[in-house]
Amino acid sequence: MLTAAGVHRSYTLPRRSLFGPAAVRHAVRDVSLDLAAGERLGVVGESGSGKSTLLRVLLGLDRPDAGTVQFRGRPVLAGRDLGWFRREVQMVPQDPYGSLDPRMRVGSSIREPLECLSVPGDHTARVAALLAAVGLEPDAATRYPHEFSGGQRQRIAIARALGPEPAVLLADEPFSALDVAVRAQVLTLVQDLVDRLGLALVLVSHDIGVVQQLCDRVLVLKDGVAVEQGRTADVLRAPSHPYTRALLDAVPRLPDL
Ligand SMILES: Nc1ncnc2c1ncn2[C@@H]1O[C@H](COP(=O)(O)OP(=O)(O)OP(=O)(O)O)[C@@H](O)[C@H]1O
Ligand SMILES: [Mg+2]
């Protein structure tokens, strides 16, 4: 459904010297992936490995230097009219504090993408159904973001992403701003919604535990290269690349009591 073929994205860094060549950072190098309907892919790798860059390219927010992204066989080109694509592929933001407009009532925030994308139907009814789906009271619609906790805000952001009934959710560290107990609740909510609605998911995370819980497949990025890709259970049981092994060894475990 969503495919990337040979995607490459580099950035030219500011020159340190007038005379030398401009330095180039290759953030994503020759990455290919294929996401089927209803499939959940985790993207893991340490800081700076290119996870967010890959996600931006998949979302059509950033143009790759080489390679292509396609959704249901249609090219996704950054800078072009992507309305058709936005209805199908929605993003869950990382930071529930920065992602909602503080001056907008929650109901209006959830309604906004419905209006922008000309989603047919009764938007008021849809907002109410979305709030119920993420476990918030109906009166949340008339309140402002500052009246909600971080976990509740992330629920609102999820409701907003689900409004246009996308086939795919893309999420860049959607749980990292939440404390551990709330994270578990929101994670369970996402898992439940993704199951119920049959959504496909691309989840960027440096938390392998989260990926293990939510994702069927995992792609491991190192310095922009996909060093490993496979079924989550297989990769975690028998990582084939030393870097994946190192990532797994870095997961803290409770000592046996
Ligand atoms: N706009 C930009 N300009 C220049 N370099 C960039 C830009 N965006 C990303 N990079 C570089 O590309 C590389 C990959 O960055 P990216 O943000 O994709 O990593 P990441 O895996 O998401 O890291 P993190 O886990 O810290 O979020 C990094 O070396 C980063 O410095
Ligand atoms: Mg990132």
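Start with S52: one of the polar atoms in the S52 side chain sits 2.8 Å from an oxygen of ligand 1. Keep in mind that this is a predicted model. The side chain of K51 also contributes, with an N or O atom 2.7 Å from a ligand 1 oxygen. At G50 the contact is through the backbone, where a polar atom is 3.0 Å from an oxygen of ligand 1. On its own, ligand 1 would expose 640 Å², and the protein buries 64% of that.

What does the rest of the shell look like? There are 13 residues around ligand 1, and S47, G48, K51, S52 and T53 are the closest of them. By class that gives 6 polar, 4 charged and 3 nonpolar residues. Which elements supply at least two residues each? Those are strand 2, residues 24–35, and helix 1, residues 51–58. Helix 1 gives the largest share, with 4 residues.

On annotation, briefly. The UniProt record, an unreviewed entry, carries "domain: ABC transporter" over residues 13–248. In the model, that span is 37% helix and 22% strand, and its end C-alpha atoms are 32 Å apart.

Next, charge pairs. Side chains of opposite charge can pair when their charged atoms come close. The count for this model is 17 salt bridges. I will go through three.

The first is R9 with D65, at 3.7 Å from N to O. R9 belongs to strand 1, residues 2–12, while D65 is in the loop between helix 1 and strand 4, residues 66–71. The two are 56 residues apart, so this pair links distant parts of the chain. Is R9 buried or exposed? Its relative accessibility is 15%, under the 20% limit, so R9 counts as buried. D65, at 44%, counts as partly exposed.

The second is R126 with E165, where the closest N and O atoms are 3.0 Å apart. R126 is in helix 4, residues 123–133, and E165 is in the loop between helix 5, residues 150–162, and strand 7, residues 168–172. The pair therefore ties together parts that are 39 residues apart in sequence. E165 has a relative accessibility of 55% and counts as exposed.

The third is R143 with D139, at 3.9 Å from N to O. Both ends are partly exposed: R143 has a relative accessible area of 26%, and D139 one of 43%. Elsewhere, salt bridges that share partners join R9, R56, D62 and D65 into one network. That brings back the R9 and D65 pair from before.

Last, backbone geometry. Most residues other than glycine have a negative phi. Which residues go against that here? D30 is one of them, with a positive phi of about 50°. E173 is another, also with a positive phi of about 50°.

Their settings are as follows. D30 is in strand 2, an element that also supplies at least two residues of the shell around ligand 1. At 58% relative accessibility, over the 50% limit, D30 counts as exposed. E173 is in the loop between strand 7 and helix 6, residues 180–197. Its relative accessibility is 11%, so E173 counts as buried.

To recap the ligand site: S52 and K51 meet ligand 1 oxygens through side-chain atoms, at 2.8 Å and 2.7 Å, and G50 does so through the backbone at 3.0 Å. That is what I have.

Methods
Residues numbered from 1 in each chain as written. Chains lettered and ligands numbered in written order. Predicted model: local features only at pLDDT ≥ 70, side-chain atom pairs only at ≥ 80, totals over all residues. Heavy atoms only, no water. Near = heavy atom within 4 Å. Polar contact = N/O pair within 3.5 Å; in protein donor to acceptor, adjacent residues only side chain to side chain. Areas by Shrake-Rupley, 256 points an atom, 1.4 Å probe, with all protein chains shown as cover. Nonpolar A, V, L, I, M, F, W, Y, C, P; charged D, E, K, R; others polar. UniProt positions renumbered as here; feature names shortened; annotations may be inferred. Salt bridge = Lys/Arg side-chain N within 4 Å of Asp/Glu carboxyl O. Buried < 20%, exposed > 50% of the residue type's maximum accessible area, 1.4 Å probe, protein only.
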